[in-house]
Every structure is written in C-alpha cells, then in structure tokens.
Amino acid sequence: GFRLTAWYVAVFAVSFAATAGVVDYFMQRAVTSKAQMTVDARLAEYRIEYEARGIPGLSRAVSRHSEAGDRDAVSLRGGGETLYRSTPGDGVTGASPARVRVAVTSLANNLELRVEHENDDERELLRRLRAATLSALGTALLLGVIGGAILTRRALRPVRKLAGVAEGILGSGTFDARVPTQGTGDE
C-alpha cells in the first residue's frame with residue numbers, strides 16, 4: 001500500500017511540476033512580451049512628441065511618465081553627440097543590462113531616439129507568480145499524499161479482507177470460511 005501511494009504521489013508530483021514548468025515558461029514569455037510592447041509604445045509616444053514639438057515636447061512627455069513613477073532613460077542622439085538625455089533619479093543608470101528593456105528608432109536627419117526602461121516590475125511579477133506556483137505545488141503534493149493514501153487504502157481493502165480470511169483458514173484449519181461479498185460486482 002505504501003509503495004502504491006508513493007508511486008501515485010510521484011507521478012502526481014512529476015505531472016504537476018511539468019505543468020508548472022510549462023505554465024512558468026509561457027507566463028514568462030507573456031510578461032516579457034508585454035513589457036517589451038510597453039517600451040515600444042513608450043518609444044512611439046516619445047517619437048510622436050519629438051516630431052510634433054521638438055525637444056521641449058519630448059522633455060514634457062518624459063516628465064509626465066517620470067511623475068507617474070516610470071523609470072525611463074530617454075536619449076536623442078545625432079551626429080555623434082547627445083542632443084537630449086533624461087536620467088531618472090533612481091532609474092536605469094547603473095542597472096545591469098539584464099534588468100533593462102531597450103527600444104530604439106531612427107528619426108529624420110540621422111537622429112536616433114532610444115528608450116531604456118528598468119524591468120523590476122516584470123521581475124517582481126514573475127517572482128510572485130513563481131512563489132504562488134511553488135505554494136500551489138506544496139498544497140497539491142499534500143493533497144496528493146492524502147488522496148493517494150485514501151485511494152490506496154480503499155483499493156486494497158478487499159485484498160486485506162481476502163488476506164485476513166486466508167490467514168484465518170491457515171490458523172484454524174477450517175476450509176469452509178468465505179470472503180464476504182460487497183455487492184460491487186467486481187472480482
């Protein structure tokens with residue numbers, strides 16, 4: 001019974017872990033894709049502001065996002081020099097490349113507009129999702145152990161009754177003892 005329960009739990013755990021791994025992979029891809037789309041949309045917004053209102057418009061758009069708590073570093077370069085650079089106080093500067101999403105576009109007159117956005121929110125969301133998955137895995141394993149034990153006990157109950165009758169026959173020598181039927185119609 002113990003081995004049957006252990007096998008049940010092992011298969012259940014491996015299946016759940018594999019499912020959690022697949023879900024994690026697709027969640028990571030979705031969150032990463034959404035984060036990159038956000039940076040690309042921000043770049044498009046800054047491009048429109050620059051093309052419509054020049055550097056003052058670009059600066060106002062960056063300030064609006066900065067006041068909302070976004071940590072974008074925006075730069076406008078042309079002819080080998082920086083024409084505009086915003087640097088948020090606690091933002092992208094000094095962050096490792098793995099923590100920064102980048103979007104770049106070319107503008108008229110050989111100008112380049114670049115947006116760097118720190119992806120700490122993305123990393124925090126993925127951390128929370130993974131913690132929730134691990135918590136669910138622990139709960140599922142506990143339920144799997146309990147469920148496996150109940151199912152094994154129930155499945156082996158007729159075998160235990162048969163073994164008990166057989167032991168009684170061997171112990172008493174009376175061969176007219178019978179295993180009681182349960183009316184389930186199975187063997």
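At 71% relative accessibility, Asn-109 counts as exposed, where exposed means over 50% relative accessible area, buried under 20% and partly exposed in between (1.4 Å probe, protein chains only). The model is predicted, so that local features need pLDDT of at least 70 and side-chain atom pairs count only at pLDDT 80 or more, while totals for chains, interfaces and linings use all residues. Residues are numbered from 1 along each chain as its sequence is written, and side-chain values use heavy atoms, with hydrogens and water left out.

Asn-109 is placed in the loop between β3 and β4, and Asn-110 lies in the loop between β3 and β4 as well; helices (H or I, at least four residues) and strands (E, at least two) are DSSP runs numbered from the N terminus. Asn-110 is exposed, at a relative accessible area of 73%. Asn-109 has a positive phi of about 60 degrees although it is not a glycine, and the phi of Asn-110, also positive, is near 60 degrees. Most residues other than glycine have a negative phi.

The strands on either side of this loop, β3 and β4 (residues 111-118), run antiparallel and are joined by 8 bridges, two strands being paired if DSSP finds at least two bridges between them. Across this pairing, Val-104 stands opposite Arg-114 in β4. Both strands belong to an open sheet of 4 strands with the order β2-β1-β4-β3 and antiparallel pairing. Because β2 (81-85) and β3 (100-107) each have a single partner strand, they stand at the edges, and one side of each is left without a neighbour in the sheet. Neighbouring strands of this sheet are turned by 20 degrees against each other on average, direction ignored.

Helix α1 lies across β1 (72-78), β2, β3 and β4, running at about 50 degrees to β3; axes here are lines fitted to C-alpha atoms, for helices over the stretch in contact, and angles run from 0 to 180 degrees between N-to-C directions. Three helix residues are set out below.

| Residue | Relative accessible area | Class |
|---|---|---|
| Phe-12 | 30% | partly exposed |
| Ala-20 | 16% | buried |
| Thr-152 | 6% | buried |

Phe-12 lies in helix α1 (residues 2-67), and Ala-20 is also found in helix α1. Ala-20 and Arg-178 are 158 residues apart in sequence and 49 Å apart in space, C-alpha to C-alpha. Thr-152 has its place in helix α2 (residues 120-172) and, leaving aside neighbours within four places in sequence, is in contact (heavy atoms within 4.5 Å) with Gly-1, Leu-4 and Thr-5.
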